[in-house]
Amino acid sequence: MFMQPLPGFRDFLPDDCAVRNLIFARWREVARRYAFVEWDGPPLEATELYRKKSGTEIVDQLFNFTDKGEREVAMRPELTPTLARVVAAHEREFKKPLKWFSIGQFFRYEKQQRGRLREHFQLNCDVIGEANLAADIELVALCIDILRAFGFTDKDFVVRVSDRDFWTNFLREKDISGDRWDELLQAIDKFGREPREKTVEKLGKLADPVFAILKSGGKSERLDRLVDGLRARGLADFVSIDVGIVRGLAYYTGMVFEVFDRAAKFRAIAGGGRYDNLIGVLSDGAVSMPALGFAMGDVVLGELINETAHVREKLENSIANSRKIDIYVVIAKEQCRADALGQIQQLRDRGYLVDYPLTSEKVGKQFQLAEQLGARVAVLFGDEWPQLKLKDMSSGEQQLVSKDDFMSHVETILR
RNA sequence: GUGGCCGUAGCUCAAUGGUAGAGCCCCAGAUUGUGGUUCUGGUUGUUGCGGGUUCGAGUCCCGUCGGCCACCCCA
């Protein structure tokens with residue numbers, strides 16, 4: 001009972017942690033390439049923040065409780081409401097547009113399933129204060145480039161882009177009152193995921209025209225321009241227009257997109273869109289700014305990496321390399337331990353990754369450890385002192401050097 | 001939250017209702033200062049937990065917890 005984590009929560013053993021760190025490193029690296037800056041918010045927020053704007057479907061699944069000060073609080077299920085809150089409070093401190101990214105842990109209380117736990121890590125990238133479509137293009141390009149950085153190609157994933165305005169314009173033309181839009185958009189969003197009869201029932205007289213549009217693909221000048229913008233960057237093969245994408249969250253306004261694996265085996269790898277009204281709504285109109293962003297989670301991404309041989313291999317190689325140590329110090333005579341420790345300290349001060357046996361071990365055992373730790377150099381302290389033996393582990397060549405020349409020899413081999 | 005399948009060593013899995021096993025991993029050795037191989041030996045189980053049926057339960061029944069899958073939903 002104490003041996004297992006809570007349902008939906010994960011332990012990250014060294015191998016898992018290495019994968020996680022590498023995912024974070026790629027995320028960070030590419031976001032920085034796009035000149036986004038990193039920020040973060042608190043993992044716990046007032047439940048009200050989510051009740052106010054995300055829509056009921058999220059609130060039902062909140063990991064929430066009452067704290068000791070009688071406050072209704074929730075572990076954050078997503079970052080966007082926090083971002084809107086922070087931006088509304090601090091917007092005058094920054095030049096527009098803001099280009100912010102964040103890597104954090106998010107929570108939901110729900111029965112777990114593949115690709116969906118009670119906790120996951122997410123990259124969020126947002127642009128605040130720019131209404132021009134150029135920002136939408138930049139954001140989608142960033143999302144594509146992040147996946148490319150892992151080694152994924154246009155054979156592995158596709159970004160399906162859509163536009164909520166396409167549907168709200170449609171509903172306006174049909175004289176549908178605004179208070180029914182959310183409900184109808186949800187029905188469209190679920191097309192294909194629920195029985196057709198159920199969608200027909202929800203859409204009523206709109207069913208036939210909606211089905212016709214979904215079948216023909218729909219026409220959107222804005223989406224065409226978005227794809228053109230990506231084409232100019234050579235990224236057109238990664239996107240396709242699909243007005244069937246609506247997304248569940250209520251706060252989205254214009255462009256929305258989701259990323260899927262080409263085999264359609266997994267849930268969405270990433271998703272996002274414009275939320276031009278959210279900051280205004282959360283600040284009760286005090287601050288109003290156009291905004292857009294997307295999120296990418298570590299769980300589905302991790303599964304896709306695992307299933308994509310060439311990406312997985314690349315990642316495993318990076319991990320294996322990053323785990324190797326530079327130098328293993330073999331202590332062949334315990335009388336030399338103090339001298340060895342002195343040298344170890346100097347090596348570490350210079351930034352080398354150094355390991356050695358904490359207790360007396362046989363020499364054979366120590367070389368075996370050196371091998372297993374991936375050491376490129378083994379240094380032997382024994383009867384030779386004040387000389388020592390330096391062994392290049394890849395070639396097997398050994399040389400006797402004086403302790404004064406030691407550092408420069410190590411430097412030569414490890415260069 | 002609803003339904004189906006499953007739960008045996010750290011991991012992957014065996015065991016017609018009749019004495020709980022294998023491989024991998026891990027640890028220790030193979031005559032005392034040099035490597036991934038090989039060989040030998042060793043540790044680990046209230047068979048998820050709690051009841052019931054039976055002379056006898058890992059095996060059958062009920063409950064419970066956990067996992068997988070589908071539904072629901074999807075940040």
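Helix pairs whose angle is under 35 degrees count as roughly parallel, those over 145 as roughly antiparallel, those from 65 to 115 as roughly perpendicular, and the rest as oblique. With this in mind, the predicted model offers two helix pairs to look at. Helix 6 (residues 164-173) packs with helix 7 (residues 181-189) at an angle of about 125 degrees, and the two helices are therefore oblique to each other. Their axes lie 11 Å apart, and the crossing is right-handed. On the side of helix 6, the contact is formed by Trp167, Thr168 and Leu171, which face Trp181, Leu184, Leu185 and Ile188 of helix 7. Sorted by class, this contact comprises six nonpolar residues, one polar residue and no charged ones.

We turn next to helix 1 and helix 5. Helix 1 (residues 14-33) and helix 5 (residues 133-150) have axes 9 Å apart and pack at about 135 degrees, so this pair is oblique as well. Here, too, the crossing is right-handed. Arg26, Trp27, Glu29, Val30 and Ala31 of helix 1 meet Leu142, Asp145, Ile146, Ala149 and Phe150 of helix 5. Seven nonpolar and three charged residues make up this contact, with no polar ones.

A word on confidence completes the picture. Chain A has an average pLDDT of 88, and 96% of the residues score at least 70. Among the elements of chain A, strand 1 (residues 37-38) has the highest mean pLDDT, 97, whereas helix 3 (residues 56-59) has the lowest, 62. Where pLDDT is low, predicted coordinates should not be read in detail. For the complex, the predictor gives an ipTM of 0.80 and a pTM of 0.89.

Terms used. Residues are numbered from 1 along each chain as its sequence is written. Chains are lettered from A and ligands numbered from 1 in the order in which they are written. This is a predicted model: local features need pLDDT of at least 70, side-chain atom pairs count only at pLDDT 80 or more; totals for chains, interfaces and linings use all residues. Axes are lines fitted to C-alpha atoms, for helices over the stretch in contact, and angles run from 0 to 180 degrees between N-to-C directions. Helices (H or I, at least four residues) and strands (E, at least two) are DSSP runs, numbered from the N terminus. A crossing is left-handed if the near helix is turned anticlockwise from the far one by less than a right angle, and right-handed if clockwise. Two residues are in contact if their C-beta atoms, placed from the backbone, lie within 7 Å. Ala, Val, Leu, Ile, Met, Phe, Trp, Tyr, Cys and Pro count as nonpolar, Asp, Glu, Lys and Arg as charged, and the others, Gly among them, as polar. pLDDT is the predictor's confidence in each residue, from 0 to 100.
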